[in-house]
Amino acid sequence: MSVARREPFARTGDDIAREYYCAVDTGGTFTDCVVGDSAGNVVFAKSPSTPHDFSEGFFAALALAADQLGLTLQELLARTQVLLHGTTVGTNAMVEMKGARVGVITTRGHGDALLIMRSVGRSAGLPIEKLLHVSRHRKPRPLVPRSLIREVSERVDWRGDIIVPLNREEARRAIEELLEQGVEAIAIAFLWGFVNPVHEQEVRRMVEEMAPDLFVTCAHELIAKPGEYERTAATVINCFIGPQTARYVQRVEERARQLGCTAPLLIMQASGGVAPAEEIRRAPVFTIGSGPAGGLMGCRFLAEMLGHTHVIATDMGGTSFDVGLIVEGVPLSTSETTLHQYTFFMPRLDILSIGAGGGSIIWIDELSKTLKVGPESAGADPGPACYGRGSTRPTVTDADLILGYYNPEFFLGGRLKLDVEAARRALSTVADPLDLDVVEAADGATRIVEAHMADLIRQMTIQRGYDPRDFVLYAYGGAAGAHAAAYARELGCRTVVIPGGALASTWSALGILATDLQHVYEKSELLIAPFDAARVTEIFLDLEERARQQLRKEGVPEECVILRRFVEMKFRLQIHRVEVPVPGGILTDGEMRDLEEAFVRKYESLYGRGSAFTAAGMEIGLLRVVALGRVISWRMRKAEGGRFRRVHPTGHRDVYWRELGGFHRTPIFREHNAHQARIEGPAILELPVTTIVVRPGDLLMADEYGNFILTLS
């Protein structure tokens, strides 16, 4: 991979015609930007996120990347062919519960579906320390109070037949009452609307006539399968975050156009693909968790090149630690999401997150008098104490600085000077009450956060029947390089890849750059084995035609379209479904029998050999087509060749090594002398926007694409 240095490119005649592809990923602490050009070069930049208006950080990161190219922001955007973005606006609105005032219109007799939730609603998504206190379990604060829920008479049965026509007068009165109460969005979710959406569509038309500028979502537009609560929750969440997200996306689009950008704005989805901004303005719920999805897609892209079929993808940024898996070359996915104790349907990559990042706050539990780390984060403002922005609370970054991992003069490539004394003062607030010195507290905090990260990986691997020793661990994000060797060793992993070298801290943005347009089309229909091959084929062909029409509308050539088929299957009388891939083309009875066998194999791989309840029979409940449209044919260039050689460090400093029992004079390397070098630990490799800690006995080398490979002792 060609990684640009921080000085601008030399301008040549060819540069004038060069085209650019830009991806920006907004995180809780930093906004990352990666810009690729038509010649295969890459530059990257990091800028502090701007929570008061994330679009400011978006364009600040782009401006930094433009400066490295020797361009102004306007020049870069004028020559940009594709502009891609991963945003956390919707996620933040949900986490902070600062969304729109939403009204709900639903089927008479079903107004309490969202409030009743499922039986696990009191504990869904809670961390283990809260799950242990059952008496303290509470339902989340309602997204919609009962006073803003209206029921209207209508009924469609499970076949799609209209049993009770829509009472238009009741619907109109419901809309008027909600408008009088000042709602900013209306969610329309009827009981069987996903089978026959005629009533939902009619109420939508009425809302648009009465309040043309109001944000409206119909449940069938988002979710096409049974699950009254989950479908309603998804619709309400879409409305809750919709106005705020739509305004943000529009703000980015308008500013980009003002700066001369004519390229389409594509937004990252949690499912692992991008979608046009216009579509995201209507369905922003699919952006929840999209940032981590970008990193996992980048790992899939690189794993294909390196021949790694089993990968643990770990992203340690400033606020969170995210883990995803690639098994047999395919990222694991799921169709459910739990956020703020609300469980809702949404196709997404299966990524788990905890509050364990560089900005995670170190604190003392007053009850147990023990040291704790996270989940609260210092965020981008004020950030860790060592940033010198007024914070006095210690964070993991402060601990890393005190232990010598970070160079206070070279953080973010020297753009941010770290205050070591401020970090010491902050750590002393937790060290002194526990009768520890500052270094002991810092080492203890890093051990705790590394244990948290290892535990999360165990949940993703061991608890699902995977052995982490069979996986290569990818570590990216600004803080991962400092801790990856520790949590990988605890899991028994032998190889750690720092993808892209210096690009690792902006890897999620690069993953977005390597992502395809993606649309998901679903059809809910109950099919019982033995399956009717003709009917299954008919449904898939209809879904695929809808997908092709959408991608043609978006300008994707037919040869760049990829269609993948899946069904959700289960044994009869059971609840949970398993996704199984389906061959393309006209299906045969033999392929239907093969599908049954594939389901049994998949089921037993998840739940254990012999667990398949074949005597109950099998059924299909949902048919799905995932449509991909190639946006960019990304090229990765090999780094300059050469034999591995012994290189001299750029300097030395005292670094604390728990393996050696204290501080030791440690060689420091920089990126320019690390490629094609063998670096034996203990050592520190300083890159412009991340740091790699090579622990005693470990070995670090760079591969032909510029990735750093850490082999653990």
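A residue counts as buried here when its relative accessible area is under 20%. With that cut-off in hand, strand β2 of this predicted model is a handy place to start. β2 covers residues 20-26, and seven of its seven residues are buried. In general, side chains in a regular strand alternate between the two faces of the sheet. In β2, Tyr20, Cys22, Val24 and Thr26 point one way, while Tyr21, Ala23 and Asp25 point the other way. Both sets are buried, Asp25 included.

The pairing around β2 involves strands β3 and β5. With β3 (residues 30-37), β2 runs antiparallel, and seven bridges hold the pair together on paper. The link from β2 to β3 is a hairpin of three residues. Within this pair, Tyr21 sits opposite Gly36 of β3. With β5 (residues 80-86), by contrast, the pairing is parallel and runs over six bridges. Here Ala23 of β2 faces Leu84 of β5. So much for β2.

Further along the chain there is an open sheet of four strands, in the order β28-β29-β31-β32 and with mixed pairing. The edge positions go to β28 (651-657) and β32 (690-694); each has a single partner strand, so one side of each lacks a neighbour in the sheet. From one strand to the next, the twist averages 35 degrees. At the β28 edge, the partner is β29 (residues 662-670), joined to β28 by seven bridges in an antiparallel run. Tyr656 is found opposite Phe663 of β29.

Now for the empty space. The second largest pocket holds about 1,300 Å³, and 44 residues line it. Nearest its centre are Glu221, Leu222, Glu279, Arg282 and Ala283. Elements that give two or more residues to this lining include the helices α7 (198-210), α8 (219-222), α9 (228-258), α10 (277-282) and α17 (533-553). The strands β11 (215-218), β18 (342-349) and β24 (517-528) also appear among these elements. Of the contributors, β24 supplies the largest share, at seven residues. Sorted by class, the lining of the second largest pocket comes out as 20 nonpolar, ten polar and 14 charged residues.

Conventions:
Residues numbered from 1 in each chain as written. Predicted model: local features only at pLDDT ≥ 70, side-chain atom pairs only at ≥ 80, totals over all residues. Heavy atoms only, no water. 1 Å grid on protein atoms, 1.4 Å probe; cavity = no way out; pocket = protein on both sides within 12 Å on 5 of 7 lines; lining within 4 Å. Points joined across faces, edges and corners; volume = space filled by probe spheres on them. Nonpolar A, V, L, I, M, F, W, Y, C, P; charged D, E, K, R; others polar. Pairing = 2+ DSSP bridges. Axes fitted to C-alpha atoms, helices over the stretch in contact; angles between N-to-C directions. Buried < 20%, exposed > 50% of the residue type's maximum accessible area, 1.4 Å probe, protein only.
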